[in-house]
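Here are my notes for you on this one. Keep the viewer open and click along as you read.

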Amino acid sequence: MEYIGTREAAFLLGICCQRVRALLAQGRIKGADKDNKGFWQIPLYGKRKMPIVIPGKRGPKGVWCHHRRENPTKMHVNQHFIQANGKRIKKDPEMTPDQLIPVISLKQTNRNDMGYQIEIHGSCRIVYKPYAPLSCGAHVWIETFNPVQFVDTQFNPCTARLSYEDAEKMWLDSIAKTSRCVNLTTG
């Protein structure tokens with residue numbers, strides 16, 4: 001039997017480490033147990049080598065992955081958000097980093113999260129495909145099958161700042177404000 005830790009289980013299941021720990025505390029990951037040092041040992045089952053999560057009795061259905069992902073995690077920098085941030089900084093040089101639109105996009109299966117910094121745990125590769133860009137239009141990106149975590153400025157793990165939809169709304173709002181300012185000065 002092969003065993004993994006909470007970080008690896010979170011990556012395989014496509015959920016955060018904190019959610020894995022909550023499932024472990026509820027006894028909902030089959031066969032999981034702590035070793036003599038206090039670390040969780042989570043067994044992998046079946047041909048796909050995945051942890052098995054026991055469904056809860058109440059609430060919504062779980063959103064974790066039930067099989068290994070076949071596509072890698074893809075990360076790229078959104079140049080439109082960088083340009084929007086540049087315009088915002090020119091207008092207000094004392095703007096704090098938290099007021100800027102996150103520019104790093106992390107794409108995993110059906111999720112697209114935005115953040116400021118990412119830590120990759122393991123090997124990765126940089127891909128350049130000018131004739132076959134991603135659906136978002138990116139020509140250069142990083143892809144990996146290893147765990148990836150958003151981090152804060154002190155390299156402590158954190159959740160994604162925004163979903164892509166919220167970041168795009170921030171960007172469109174900044175464009176609308178810019179066009180209103182231009183109209184007011186020219187009109």
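1. Start at Gly14, just after helix α1: this glycine has a positive phi of about 75°. One thing to keep in mind from here on is that you're looking at a predicted model.

2. Now step back into α1 itself, residues 6-13. Is this helix mostly enclosed or mostly open? Of its 8 residues, 6 are buried, so the rest of the structure largely encloses it. The buried ones are Thr6 and Ala9, followed by Ala10, Phe11, Leu12 and Leu13.

3. What do those buried residues of α1 pack against? One partner is a helix, α2 (17-25). The others are the strands β1 (3-4), β3 (40-43), β4, β5 (104-108) and β10 (148-150). Try colouring these partners in your viewer.

4. Next, the cysteines. You might be tempted to draw a bond between Cys16 and Cys17, but searching the whole structure turns up 0 disulfides. Cys16 takes part in none, and the nearest cysteine sulfur to its own, that of Cys17, sits 7.1 Å away. A disulfide needs the two sulfurs within 2.5 Å, so at 7.1 Å the sulfur of Cys17 is too far from the one in Cys16 for a bond.

5. Are Cys16 and Cys17 buried or exposed? Cys16 has 43% relative accessibility, so it counts as partly exposed. Cys17 has 19%, so that residue counts as buried. The cut-off for buried is under 20%.

6. On to the second largest pocket, which holds about 370 Å³ of space. Elements giving two or more residues to its lining are the strands β4 (73-77), β7 (118-120) and β9 (140-144), plus the helices α3 (79-91) and α4 (164-186). Notice that β4 turns up here as well as among the packing partners of α1.

7. Which residues should you click on to find the middle of that pocket? Of the 19 in the lining, the ones nearest the centre are His76, Val77, Asn78, Gln79 and Ala138. As for the character of the lining, 13 residues are nonpolar, 6 are polar and none is charged.

8. Last, zoom out to the whole chain. It has 4 helices and 11 strands, and 31% of its 187 residues count as buried. Among contacts with a separation of 6 or more, 57% join residues 24 or more positions apart. The chain exposes about 12700 Å², with carbon and sulfur atoms supplying 54% of that area.

Definitions and conventions
Residues are numbered from 1 along each chain as its sequence is written. This is a predicted model: local features need pLDDT of at least 70, side-chain atom pairs count only at pLDDT 80 or more; totals for chains, interfaces and linings use all residues. Side-chain values use heavy atoms; hydrogens and water are left out. On a 1 Å grid over the protein atoms alone, a cavity is a set of points where a 1.4 Å probe fits but cannot get out, and a pocket is an open set with protein on both sides within 12 Å along at least five of seven lines; lining residues have an atom within 4 Å of a point. Grid points are joined across faces, edges and corners, and a volume is the space filled by probe spheres set on the points. Ala, Val, Leu, Ile, Met, Phe, Trp, Tyr, Cys and Pro count as nonpolar, Asp, Glu, Lys and Arg as charged, and the others, Gly among them, as polar. Buried means under 20% relative accessible area, exposed over 50%, partly exposed in between (1.4 Å probe, protein chains only). Contact means heavy atoms within 4.5 Å. Accessible areas come from the Shrake-Rupley method with a 1.4 Å probe; for residues, only the protein chains shown count as cover.
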